[in-house]
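Colleague: Before any calculation is set up, I should like to go through the metal sites of this model. Please reason each answer through to a value or a name.

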Amino acid sequence: MKQETPRIDSQRLWESLEDMACIGALPSGGCRRLSLSDEDQAARDVFAEWCREAGCEMHVDGFGNQFAVRTGRVPNAPLVLFGSHLDTQPNGGRYDGIYGVLAGLELMRTLAVNGVETDRSLAVVNWTNEEGVRFSPGLTGSKGFAGAISEEELGALKTPEGASFLSELERIGYLGRPPAFKVASYFEAHIEQGPILEAAELSVGVVNGVQGVRWFEVVVTGADRHAGTTPMSMRADSYMASARIALAVRERLLALTPDIRVTIGRVDVKPGSVNTVPGETTFSIDLRHPSTEILDEAEALIKALATQEATAEACAVRTVRTFNLPPVRFNAGCVELVASMAQAASLPTIEMVSGAMHDACALSTVAPTAMIFTACRGGISHSEDEFAEPEDLAAGCQLLLDVVLSAARIV
Ligand code: HGY
Ligand code: MN
Ligand code: MN
């Protein structure tokens with residue numbers, strides 16, 4: 001007789017999200033838990049305690065990734081892994097990443113309460129430094145787990161103030177060792193962080209891939225000069241050159257294709273004095289699109305425009321690509337499993353490509369992977385205004401449970 005799939009407890013999930021949001025809480029309702037900060041450590045400690053209470057065994061690997069393992073009937077078989085990240089943006093929301101981790105915990109709690117056994121072992125994971133705010137670029141834990149970070153890259157990973165990733169891991173007590181398990185498949189539940197599901201009045205989406213992401217660092221060099229005595233025609237103003245580059249890049253990339261995404265999120269103007277023409281300006285560019293050809297064309301345009309506009313301001317410029325995540329296609333079998341379990345639950349969905357990058361991108365290089373999206377209000381994320389309806393989060397969590405139970409069967 002087919003065992004009824006147990007139902008998750010929506011209220012318990014919501015309360016966990018609310019309790020977790022108290023750690024690193026900001027005055028306007030968001031969260032700040034930068035990777036490996038004291039707030040991140042506190043969130044990790046709470047997560048580990050909740051997982052132990054749910055009957056899981058905790059493991060930490062050499063990148064600080066936390067794994068809560070629920071042993072199955074066939075403990076040596078590759079396990080089913082699911083989760084996301086607890087670190088946030090500086091003015092982050094309550095759900096980006098956090099929902100995927102706590103939906104995984106709710107799944108473990110539901111199985112424990114109902115005494116459900118699985119063939120394969122299960123594990124919920126909190127990946128380290130998904131956001132890449134303190135330690136750039138992001139996806140550190142998941143890429144490290146996937147073997148995509150060299151010893152050299154790991155050793156060089158530091159905050160702008162010079163704190164090293166490994167020393168910070170040690171400081172918060174989360175420097176572990178490689179786990180012994182293998183992964184059969186990975187599933188990540190995450191808020192969409194975009195407007196598509198809400199506009200379609202859908203609770204959940206089936207994610208079949210992620211658009212490509214490239215980060216650049218642009219350093220514009222002019223000359224420090226007196227703000228009062230230096231005629232405008234005699235300046236090499238690195239900030240003005242940067243502003244010209246920014247506007248030219250946005251205009252020309254939008255002309256290339258309207259669905260490009262280009263963002264300048266960090267600008268550093270030196271010497272940063274009110275009455276000195278800035279001799280050096282450094283800024284970041286975050287470029288995204290589902291097509292590699294478009295990304296290549298856009299990258300060439302960025303470099304050409306940087307030179308053109310800097311030269312027009314008598315400045316020099318250096319544009320370096322610091323991160324490259326090629327477009328990702330998830331495993332067709334996993335995508336089909338998510339879609340079929342949604343259909344079996346009479347849950348209307350659409351298939352979609354993620355605009356945001358996720359730890360699932362790294363996992364997809366080492367295990368069959370797919371994602372589940374839930375709607376979020378106005379598609380707002382990386383903002384304290386981020387919000388998601390409990391019903392949508394519950395629908396996504398129940399779908400994750402149905403998918404994981406199916407993937408955990410050894411037939
Ligand atoms: O940048 C991203 O897309 C992710 O939300 N960190
Ligand atoms: Mn995220
Ligand atoms: Mn994010």
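**The two manganese sites**

Modeller: With a relative accessibility of 0%, H85 counts as buried. Please bear in mind that the model is predicted.

Colleague: Which residues coordinate the manganese ion (ligand 2)?

Modeller: The donor distances to the manganese ion (ligand 2) run from 2.1 to 2.3 Å. Along the chain its donor residues follow the spacing H-x10-D-x93-H. H85 is in strand β3 and D96 in the loop between β3 and α3, so this pair ties together parts 11 residues apart in sequence. The coordinating residues are H85 (NE2), D96 (OD) and H190 (NE2).

Colleague: What are the protein donors of the manganese ion (ligand 3)?

Modeller: The donors of this ion show the spacing D-x34-E-x250-H. They lie 2.2 to 2.7 Å from the manganese ion (ligand 3), and E131 is listed twice, each time through OE. The protein donors are D96 (OD), E131 (OE), E131 (OE) and H382 (NE2).

Colleague: Which residue coordinates both manganese ions, ligand 2 and ligand 3?

Modeller: The manganese ion (ligand 2) and the manganese ion (ligand 3) are 3.5 Å apart. The residue that coordinates both is D96.

Colleague: How many residues apart are D96 and H382?

Modeller: D96 belongs to the loop between β3 (79-85) and α3 (98-114). H382 belongs to the loop between β16 (369-374) and α12 (390-407). The pair thus links distant parts of the chain, and the separation is 286 residues.

Colleague: Is D96 buried or exposed?

Modeller: The cut-off for buried is a relative accessible area under 20%. D96 has 5%, whereas H382, at 42%, counts as partly exposed. D96 is therefore buried.

Terms used. Residues are numbered from 1 along each chain as its sequence is written. Chains are lettered from A and ligands numbered from 1 in the order in which they are written. This is a predicted model: local features need pLDDT of at least 70, side-chain atom pairs count only at pLDDT 80 or more; totals for chains, interfaces and linings use all residues. Side-chain values use heavy atoms; hydrogens and water are left out. Donors are N, O and S atoms within 2.8 Å of the metal (3.2 Å for Na, K and Ca); water is not among the atoms, so sites may look incomplete. Helices (H or I, at least four residues) and strands (E, at least two) are DSSP runs, numbered from the N terminus. Buried means under 20% relative accessible area, exposed over 50%, partly exposed in between (1.4 Å probe, protein chains only).
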